[in-house]
Amino acid sequence: MNDSLLANIEQYISTIEPFNNLSADVIRELASIVQITYVSCGEVIDPCGDPSEKYLYIVRTGAMEQRKLDGQLRSRLGRDDIFGFTFLGETTSEDNRYTAAALENSLLYLIPHSALLRLFERKPEYAEYFASQADVRLTTAHDVVWSNKDKGLFIKRVGDVASGVIAVVNANMSIKDVAHEMRIVKRCSCAVVYENGNIVGLITDRDMTKRVIALEAPLQDPIKTVMTPNPLVLSPDALILEAASMMMEYNIRNIPVVKDGQAVGLLTTTHLVQNHRMQAIFLIEKIKYTNSVSELSQLTLERQAIFEALVEGKVSSEIIGKVMSMIMDAYTRRLIQIAIDKLGEPPCDFNWISAGSHARNELNITSDQDTALVLSDDATDSDKIYFRHLGAYVSNGLDRCGYPLCTGKYMAATPKWCQPLSVWKEYYKKWVSNPEYECLLNISVFLEIRSIYGNGEFTKILRDEMHKNIKQNNSFLPALVRDAVNTNPPLGIFNSFVLEKNGEQTKVLNIKKYAINLIIDLARIYGLAVECDSSNTESRFAAAKEAGILSEDAYKNIIGSYHFIAQFRYNHQLQQLKHGLAPDSYIDPNNFGSFERQHLKDAFRIIADLQDAAKLRFGSVGY
């Protein structure tokens, strides 16, 4: 090895943990025996193989992925990361063995284990640095991670896994004949009910038990008297994930698979849980049967595993946000039920509502709580005390389950946001008629509301009240526009870049502040202008397009930008989780590739163009 290369290696490894703890002469000794190897993308090495050929590996450039023998992800490694610590007292059983594959063309530095062991014999004080590093790496590996095979279930189609056997019956057939068709002829648990060539209902073996046997319904009655009308159906081309989401949201176990109006199969929960790892998508089922906050909090890692698998599986940001929101729905509902068990039955009618990203069905792994309680107008002072206890119990429970308390205290636990319906109506009237800073701040949180538990009619009343007030006050949308365009996207990206210092004083891009929030604000404005009932960002833009106030091109551009930026943030958060870091929305521009840079520039330009369009259309009173 020539002197210049040796000096380069020596200088490099002296900056890498744990080598920076070694003396200069020891670093020089190790640098002299470093072997350099190149692994091409996809190439696999076995660090746990022949003991005579074991090495400590340093990733000089590129990226590597470690996987256990059963396919589970052990760790992902990038530039300056180290692996191959298994020689330091760790067992080499089948459970601990792993392979490492290059995710891209990579350059590795290899230090023979035998040389390090000789070093530790001479200088045992250095061994602890390497043992500590091994421990850190092992503890940051994520055990609750799906293998590539498991993740495939997220991108498979319903037609790939659904049963092709399903009973098809007429609405006027007798209950007895339908039962015979299901159990004897087709041997399936479900029948699709047709009338005049259209699907009008569904009947399952569970329905037969509850509605026929338990209620002693006459067996000669037509099946339409006990069927479930207007059932949900799926296309064979629908994603498995869509089916799982639908089953979770509507608490159903059977969905007919329909093509061109004809039932071609049946999808059941059994099809989705044949592989035990798929059960994580049914985390909602586990949540339902927990009995304490402590039990609920133990499911946090599974929620993280779902997020990781969805992002890695390149599932659309819209579906990721919806699935994560449904999981938070389940946590919230169960906590409310546990609280009611402890506090007693609610003394009056109420509605627990979510706000912000949860209401929009756009949760990410870092989202906090935005909640409120709407009480019936006959609530007494004593009733309000009950609901404040309920709000505090649920809010603190959500915090323990990984949903942080809102720093602005926009939570049901705060007395101001635990009020009768009439008070809430006055809130909206005041916010819209007097859009000063504090009012805008309040309404920016509660412009999106969604019923989670209780009397959902209260949410509908408040949404109608909001639209009525906005319609009567033509100064509100201009005020909302002025507030929304105060922040501009960083059009001079990577030149005069809008950067902030994080806790480590590193200059980073706040992708939430300078991109995602700007799109959400624009969607609010366009959605409110056409009285869109949905709080979802994409739905609001779609409603504006249908109403003719947003062109087809502008719609496609802003939706494309939103998808890219949301996915960009999800990928950033995924990598942070993989490295044992707390996920956030602060991204180091030095980690951007040319692909990301170019697309971010395009997205920021599109956001700025739509801000200008919003100012022209809504920026003045009487628009």
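This passage describes how helices and strands pack in a predicted model.

The account opens with two sheets. In general, strands of a sheet pair through backbone hydrogen bonds, either parallel or antiparallel. One open sheet has 4 strands in the order β1-β8-β3-β6. Its pairing is antiparallel. Strands β1 (35-39) and β6 (82-83) form the edges, and each pairs on one side only. Strand β1 runs antiparallel to strand β8 (residues 106-112), and 5 bridges join the two. Within this pair, Y38 stands opposite L107 of β8. A helix also meets this sheet. Helix α1 (residues 3-13) lies across β1, β3 (55-61) and β8. The direction of α1 makes about 95° with that of β3.

Another open sheet of 4 strands follows the order β17-β16-β15-β18. Here the pairing is mixed. The edge strands are β17 (418-420) and β18 (449-454), each paired on one side only. From one strand to the next, the twist averages 30°. Strand β16 (residues 371-375) and β17 run parallel and are joined by 3 bridges. L375 has P420 of β17 as its bridge partner. Helix α19 (residues 457-472) packs on this sheet. It touches β15 (350-355), β16 and β18. The directions of α19 and β18 make an angle of about 160°.

Helix-to-helix packing comes next. Helix α14 (residues 317-343) takes part in two of the contacts described here, with α16 and with α13. Helices α14 and α16 (residues 381-400) pack at an angle of about 135°, and their axes lie 9 Å apart. Because of this angle, α14 is oblique to α16. The crossing of the two helices is right-handed. On the α14 side, the contact includes M328, Y331, T332, L335 and I336. Further along α14, I338, A339, I340, K342 and L343 also take part. These residues meet Y386, H389, L390, Y393, V394, G397 and L398 of α16. By class, this contact holds 13 nonpolar, 3 polar and 1 charged residues.

Helix α13 (residues 300-312) also packs against α14. Their axes come within 10 Å and cross at roughly 165°. Angles over 145 degrees count as roughly antiparallel, and α13 and α14 are therefore roughly antiparallel to each other. Their crossing is right-handed. Helix α13 contributes T300, R303, I306, F307, L310 and V311. Helix α14 contributes I320, V323, M324, I327 and Y331. The contact of α13 with α14 has 9 nonpolar, 1 polar and 1 charged residues. Y331 of α14 thus appears in the contact with α13 and in the contact with α16.

A further helix pair lies later in the chain numbering. The axes of helix α20 (residues 476-484) and helix α21 (residues 511-529) come within 10 Å. They cross at roughly 170°. Helices α20 and α21 are therefore roughly antiparallel to each other. F476, L477, L480, V481 and A484 of α20 make the contact with L518, D521, I525, L528 and A529 of α21. This contact has 9 nonpolar residues, no polar residues and 1 charged residue.

Aromatic rings were examined last. A search of the whole structure finds 22 aromatic pairs. One of them joins W424 and Y427, whose ring centres are 5.3 Å apart. The planes of these two rings stand at 80°, so the pair is edge-to-face. Both residues belong to helix α17 (residues 421-433). W424 and Y427 are separated by about one helical turn, because they are 3 residues apart in this helix.

Methods. Residues numbered from 1 in each chain as written. Predicted model: local features only at pLDDT ≥ 70, side-chain atom pairs only at ≥ 80, totals over all residues. Heavy atoms only, no water. Axes fitted to C-alpha atoms, helices over the stretch in contact; angles between N-to-C directions. Parallel < 35°, antiparallel > 145°, perpendicular 65-115°, else oblique. Left-handed = near helix turned anticlockwise from the far one by under 90°. Contact = heavy atoms within 4.5 Å. Nonpolar A, V, L, I, M, F, W, Y, C, P; charged D, E, K, R; others polar. Pairing = 2+ DSSP bridges. Phe/Tyr/Trp six-rings, centres within 6.5 Å; stacked < 30°, edge-to-face > 60°.
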